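Work through the two exercises below with the sequence and the model open side by side. Each task is followed by a solution that proceeds in steps.

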Amino acid sequence: MDTMRDRFAPVVSRLLDEDPRVAVVLAAIGTDGFAGAARRHPGRVVDVGIREQLLIGAAAGLALTGLRPVVHTFASFLVERPFEQVKLDLGHQEAGAVLVSAAASFDWPAGGYTHMAPGDVALLDTLDGWTVHVPGHPDEAETLLRHAVAAGDDKVYVRLSVQADGQALPVDGRRFRTVREGRSGVVVAVGPMLHAVLAATEGLDVTVLYATTVRPFDGAALRRAAESAGTDIVLVEPYLAGTSTAAANDALSDVPHRVLGLGVGRRELRRYGRLEEHVAAHGLDARSLRERISAFLGAAVGRVRSGGCHCAGRPSRG
């Protein structure tokens, strides 16, 4: 299966052909994928070199002229390094852009800590008005990229990862999707965490919600799920643990509830290792998730009754 990033350049190249407003801004990374598009649209494919602050500034300038810039590099260079420009050049000037990251939290361990950005979504949460998409499959990434570019002049972040679920689900760029129904708790799986969450909760009497658009947070879907499954909530996110706990608390602010945020820990892992080792070290593999979810939900989680789970859109086994 190709990766989400493999889809990025072909999809956006087609959008360049289809929509004269679309422009692409790069910082040396990913330029090969746009060689053909650059020849066809030399004024709308811009490579600023290894200058990430300029990357965002140039995108803001293009947006202010009426174009729809799509900006791409590794997450650490797209959100963290030029954060002041994201805050001021885009946010303060009310200039819209589509930021598309690669490498996610720790997708390329050999690149070292400079290429890891588990805090990217939490950092964008300090700013106003960002839509954040976290696809879990290349097909979903393609759909959400198109949603992002078509979103008027909004500020949108699309977080691509080499981690992926084995099967795509229909996504609409807005709502959480129910993939399993239970009565003893709600587990929200974000993007590429779904396959591990489904394996971890196999046989447990819990509702599983699937989130590929996490900002705005679909509080209404969480409330509906909690009405039948109870107000013990577990969030499983592929970035900094606890990033969405405040949003979940806000959604349930008028009822007693508990929230557990699982994700990437704050401790820096200094042995680069392999991707799978980072997943396990942060407790995001299926076995660790099952232990942590079961411990939080306690006796209430039970086993699914003899009738089995009620699943929507995907078999119960991830």
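A polar contact is a pair of N or O atoms within 3.5 Å, and within protein one of them must be able to donate a hydrogen and the other to accept it. The model examined here is a predicted one.

**Exercise 1.** Describe the surroundings of Ser-105, beginning with where it lies in the chain and ending with the residues it is in contact with.

*Solution.* Begin with the secondary structure, where Ser-105 is found in the loop that runs between β4 (97-102) and α6 (120-124). Next, consider accessibility: the relative accessible area of Ser-105 is 2%, and because buried means under 20%, Ser-105 counts as buried. Then turn to the side chain of Ser-105, which makes a polar contact with the side chain of Arg-159 at 2.8 Å and also reaches the backbone oxygen of Pro-238 at 2.6 Å. Finally, when neighbours within four places in sequence are left aside, the residues in contact with Ser-105 include Arg-159 and Pro-238, together with Met-116, Ala-117, Pro-118, Tyr-239 and Val-264.

**Exercise 2.** Decide how compact the chain is for its 318 residues.

*Solution.* First take the secondary structure, which comes to 12 helices and 13 strands. The radius of gyration is 20 Å, close to the 20 Å given by the globule rule for 318 residues, so the chain is as compact as a globular protein of that length. As further description, buried residues make up 54% of the chain, and of the contacts between residues at least 6 apart in sequence, 76% join residues at least 24 apart.

Notes. Residues numbered from 1 in each chain as written. Predicted model: local features only at pLDDT ≥ 70, side-chain atom pairs only at ≥ 80, totals over all residues. Heavy atoms only, no water. Helix = DSSP H or I, 4+ residues; strand = E, 2+ residues; numbered from the N terminus. Buried < 20%, exposed > 50% of the residue type's maximum accessible area, 1.4 Å probe, protein only. Contact = heavy atoms within 4.5 Å. Rg over C-alpha atoms; globule rule 2.2 N^0.38 Å.
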